[in-house]
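Please open the model in your viewer and keep the sequence panel beside it. The tour below proceeds selection by selection.

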Amino acid sequence: MRMTLCIAAAVAVFASCVLADIYDDLDDALESGEMETAVRLASKIVKKTPDDYDANFALALDCEAKEKFKEMAEHLKRCLRERPDATDALNNLAMAYLN
C-alpha cells in the first residue's frame, strides 16, 4: 500500500513538473510571437486542465486572428470559469459576440 502511494505521489510530482515546463515554453512562445508553437503547447495544457486560463486565452487569441469567433468565445468562457472577474477575457468575449 505504501509503495503504491509513493509511486502515485512521484507520478503527480513529475506530471506537475512537466506541465510547469510546458507553461514556461508557452510564455516564451507567446512573447516571441511564435503562435504555432503557442497553440500546440496551449492545446496540450487544456487536455490536462480544460479550464486553464492562460492556455485558453492563448487559444482564443489564435482564434481571433483566424476569425473563428465562435471558437474564440468558447475558449474565453473557459477562461471565465477559472477567473470570473477577468476583464481582458470579458472584453474579448464581447468582441467575439459582436463579430
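Begin with the whole chain: 31% of the 99 residues of the protein chain count as buried. The model is a predicted one. Colour it by secondary structure, and five helices and zero strands appear in the protein chain; from the N terminus on, the order of elements reads α-α-α-α-α. Among contacts in the protein chain between residues at least 6 apart in sequence, 36% join residues at least 24 apart.

**Confidence**

Now colour by pLDDT. The average over the protein chain is 83, and 82% of the residues score at least 70. Select residues 1–16 next: pLDDT stays under 50 there, and the model has zero contacts beyond four places in sequence for this segment. Where pLDDT is low, the predicted coordinates should not be read in detail.

**Helix 1 and helix 2**

Select helix 1, which spans residues 2–31, and centre on aspartate 27 within it. Aspartate 27 is partly exposed, its relative accessible area being 39%. Add alanine 42 to the selection: the C-alpha atoms of aspartate 27 and alanine 42 are 9.9 Å apart in space, with the two residues 15 apart in sequence.

Continue to helix 2, residues 35–48. Its 14 residues reach 20 Å from first C-alpha to last, close to the 20 Å expected at 1.5 Å a residue. Which residues of helix 2 are buried? Show the side chains of Ala38, Val39, Leu41, Ala42, Ile45 and Val46, which make up the buried set of this helix.

**Helix 3: two buried polar residues**

From helix 2, move to aspartate 62, a residue of helix 3. Aspartate 62 counts as buried because its relative accessibility is 13%, with the cut-off at under 20%. Its contacts, leaving aside neighbours within four places in sequence, are with Met35 and Val39; Val39 is also one of the buried residues of helix 2.

Asparagine 56 also lies in helix 3. Is asparagine 56 buried or exposed? At 0% relative accessibility, asparagine 56 counts as buried. Display its surroundings: beyond four places in sequence, asparagine 56 is in contact with Val46, Pro50, Asp51, His75, Arg78 and Cys79. Draw a distance between the side chains of asparagine 56 and histidine 75, where a polar contact of 2.9 Å joins the two.

**Cysteines**

Select cysteine 63 and cysteine 79. Cysteine 63 counts as buried at 4% relative accessibility, and cysteine 79, one of the contacts of asparagine 56, is buried with a relative accessible area of 0%. How many disulfides does a search of the whole structure find? The search finds zero.

**The loop between helix 3 and helix 4**

Centre next on glutamate 67, in the loop that separates helix 3 from helix 4. Check its backbone: glutamate 67 has a positive phi of about 55 degrees, although it is not a glycine. Glutamate 67 is exposed, with 61% relative accessible area.

**Helix 4: lysine 77**

Proceed to lysine 77 in helix 4. Lysine 77 counts as partly exposed at 30% relative accessibility. Its C-alpha lies 8.9 Å from that of asparagine 56, although the two residues are 21 apart in sequence. Not counting residues up to four places away in sequence, lysine 77 touches Leu93 and Tyr97. Follow the contact to Leu93 into helix 5, where Leu93 is among the buried residues.

**Helix 5: two sides**

Select residues 87–98, which form helix 5: its twelve residues reach 16 Å from first C-alpha to last, close to the 16 Å expected at 1.5 Å a residue. Which residues of helix 5 are buried? They are Ala89, Asn92, Leu93 and Ala96. These four lie on the same side of helix 5, because they cover an arc of only 110 degrees around the axis. An α-helix has 3.6 residues a turn, so residues three or four places apart point the same way.

Turn the view to the other side of helix 5, where Thr87, Asn91 and Leu98 are exposed. To end the tour, show helix 3 (53–65) and helix 4 (69–82) together with helix 5, since the buried residues of helix 5 pack against both.

Key:
Residues numbered from 1 in each chain as written. Predicted model: local features only at pLDDT ≥ 70, side-chain atom pairs only at ≥ 80, totals over all residues. Heavy atoms only, no water. Helix = DSSP H or I, 4+ residues; strand = E, 2+ residues; numbered from the N terminus. Expected span 1.5 Å × (residues − 1). Buried < 20%, exposed > 50% of the residue type's maximum accessible area, 1.4 Å probe, protein only. Arc of directions from axis to C-beta. Contact = heavy atoms within 4.5 Å. Polar contact = N/O pair within 3.5 Å; in protein donor to acceptor, adjacent residues only side chain to side chain. pLDDT = per-residue confidence, 0-100. Disulfide = S-S within 2.5 Å.
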